[in-house]
Amino acid sequence: MEIDNVQVIKPFGPLVLMAQLPEGIIKTLNGIVDVIKDNKDMGNRLAGQIKSESEIPHSMLEEKKVMDIFHAMAKSYVEQGYINAGQKNILETMSPIQTQMQSIWSVSQYENEYNPQHNHSHCQISAVLYLKVPAMKPRNIPHKSNLDGHIEFNYSNTTDIFTTGSFVLKPKAGTIILFPNTLNHQVYPFQGSGERRSIAYNMSYKGFS
């Protein structure tokens with residue numbers, strides 16, 4: 001018996017955008033974080049068991065001409081959202097999508113620090129961008145998965161051959177990930193010396209027919 005038009009589809013679940021940014025942009029952003037990372041003025045607003053979390057002034061991003069990359073990524077993500085939802089026809093009738101940076105901060109994570117499972121509020125789009133990823137010392141526990149230093153996104157409690165309940169990623173410098181603000185995620189601690197540096201941010205958008 002022949003069966004025609006067999007296809008695998010992804011009709012639901014969160015849409016995630018991932019890209020690799022150029023080294024020049026990462027160098028500029030590292031320079032900005034070098035200036036502000038010791039302010040440590042975001043910890044009381046964040047879930048992380050991390051000492052050094054510092055707000056990045058929007059003016060510094062504008063001055064160094066890197067704010068535009070965040071807006072470009074967000075607009076691309078929103079456009080892909082409409083296409084993924086089967087609403088490309090609506091997208092084509094809209095005025096240019098407008099995005100706004102709500103908050104942005106640096107995260108300097110050191111040995112054994114971590115971020116428990118959480119999501120973000122007062123925005124529509126959340127993102128993380130990795131700037132430095134030091135070499136990690138493996139635990140080498142037999143028959144155990146090595147999740148140290150990884151970020152994990154959790155969508156459901158079901159994991160079988162038909163359903164993927166989580167997405168685990170080993171970061172590298174320059175990787176940027178955009179995801180829905182409601183998507184739960186967590187960052188595992190790492191073993192070893194050095195600073196695992198990232199930028200996290202929240203954005204909103206508007207589109208007008």
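Buried means under 20% relative accessible area. Keep that cut-off in mind on this tour. The model on your screen is predicted.

**Stop 1: a salt-bridge network**

Select R197 and E195. Are these two residues buried or exposed? Both R197 and E195 are buried. Their side chains meet in a salt bridge, with 2.8 Å from N to O. R197 has a relative accessibility of 1%, so it falls under the 20% limit for buried residues.

Now add D34. This residue forms a salt bridge with R197 too, and the closest N and O atoms are 3.0 Å apart. The pair links distant parts of the chain. D34 sits in helix α1, residues 23-36. R197 sits in strand β10, residues 196-206. The two are 163 residues apart. D34 counts as partly exposed because its relative accessibility is 44%.

Add K37 to the selection. Together, D34, K37, E195 and R197 are linked in a network of salt bridges.

**Stop 2: another salt bridge**

Select E55 and R45. They form a salt bridge, with the closest N and O atoms 3.4 Å apart. E55 lies in strand β2 (residues 52-55) and R45 in the loop between α1 and β2, so the salt bridge ties together parts that are 10 residues apart in sequence. How accessible is each partner? E55 is partly exposed, at 33% relative accessibility. R45 is exposed, at 51%. The count of salt bridges in this model comes to 5.

**Stop 3: strand β6 and its partners**

Select residues 151-154. This is strand β6, and both of its faces are covered. I151 and F153 are on one side. E152 and N154 are on the other. These four residues are all buried.

Which strands pair with β6? One is β7, residues 166-169. The two strands run antiparallel and are joined by 4 bridges. Find F153 and look across to β7: F167 stands opposite.

The other is β9, residues 184-187. β6 and β9 also pair in the antiparallel sense, over 4 bridges. Pick N154 this time. Its bridge partner in β9 is N184.

**Stop 4: a nonpolar patch**

Stay with F167 in strand β7. F167 counts as partly exposed because its relative accessibility is 34%. Add V16 and M18, then switch on the surface. V16, M18 and F167 make a nonpolar surface patch of about 240 Å².

**Stop 5: H150, just before β6**

Select H150. You will find it in the loop between β5 (125-132) and β6. H150 counts as buried because its relative accessibility is 12%, under the 20% limit. What does its side chain reach? It reaches the backbone oxygen of D148, at 2.9 Å.

Now show what surrounds H150. Leaving aside neighbours within four places in sequence, H150 is in contact with V168, L169, K170, P171, Q186, V187, Y188 and R196. Of the strands you have already visited, β7 covers residues 166-169 and β9 covers residues 184-187.

**Stop 6: N181, in another loop**

Select N181. Its place is in the loop between β8 (175-180) and β9. N181 has a relative accessible area of 11%, so it counts as buried. Its side chain reaches the backbone oxygen of C123 at 3.2 Å.

Which residues does N181 contact, beyond its neighbours within four places in sequence? They are N119, H120, S121, C123, Q124, I125 and S126. C123 therefore appears twice here: as a contact of N181 and as the residue whose backbone oxygen the side chain reaches, while N181 itself is buried.

**Stop 7: F70, in helix α3**

Finish with F70. It lies in helix α3, residues 67-84. F70 is buried because its relative accessible area is 0%. Show its contacts, leaving aside neighbours within four places in sequence: L29, L61, M101, I104, L129, Y201 and M203.

For a last look, select Y188 as well. You met Y188 among the contacts of H150. How far apart are F70 and Y188? In sequence, they are 118 residues apart. In space, the gap is 25 Å, C-alpha to C-alpha.

Note on methods: Residues are numbered from 1 along each chain as its sequence is written. This is a predicted model: local features need pLDDT of at least 70, side-chain atom pairs count only at pLDDT 80 or more; totals for chains, interfaces and linings use all residues. Side-chain values use heavy atoms; hydrogens and water are left out. Buried means under 20% relative accessible area, exposed over 50%, partly exposed in between (1.4 Å probe, protein chains only). Two strands pair if DSSP finds at least two bridges between them. A polar contact is a pair of N or O atoms within 3.5 Å; within protein, one must be able to donate a hydrogen and the other to accept it, and residues adjacent in sequence count only if both atoms are side-chain atoms. Contact means heavy atoms within 4.5 Å. Patches are made of residues with over 30% relative accessible area and no salt bridge: like charges are joined within 9 Å, nonpolar side chains (Val, Leu, Ile, Met, Phe, Trp, Tyr) within 5 Å. Accessible areas come from the Shrake-Rupley method with a 1.4 Å probe; for residues, only the protein chains shown count as cover. A salt bridge is a side-chain nitrogen of Lys or Arg within 4 Å of a carboxyl oxygen of Asp or Glu.
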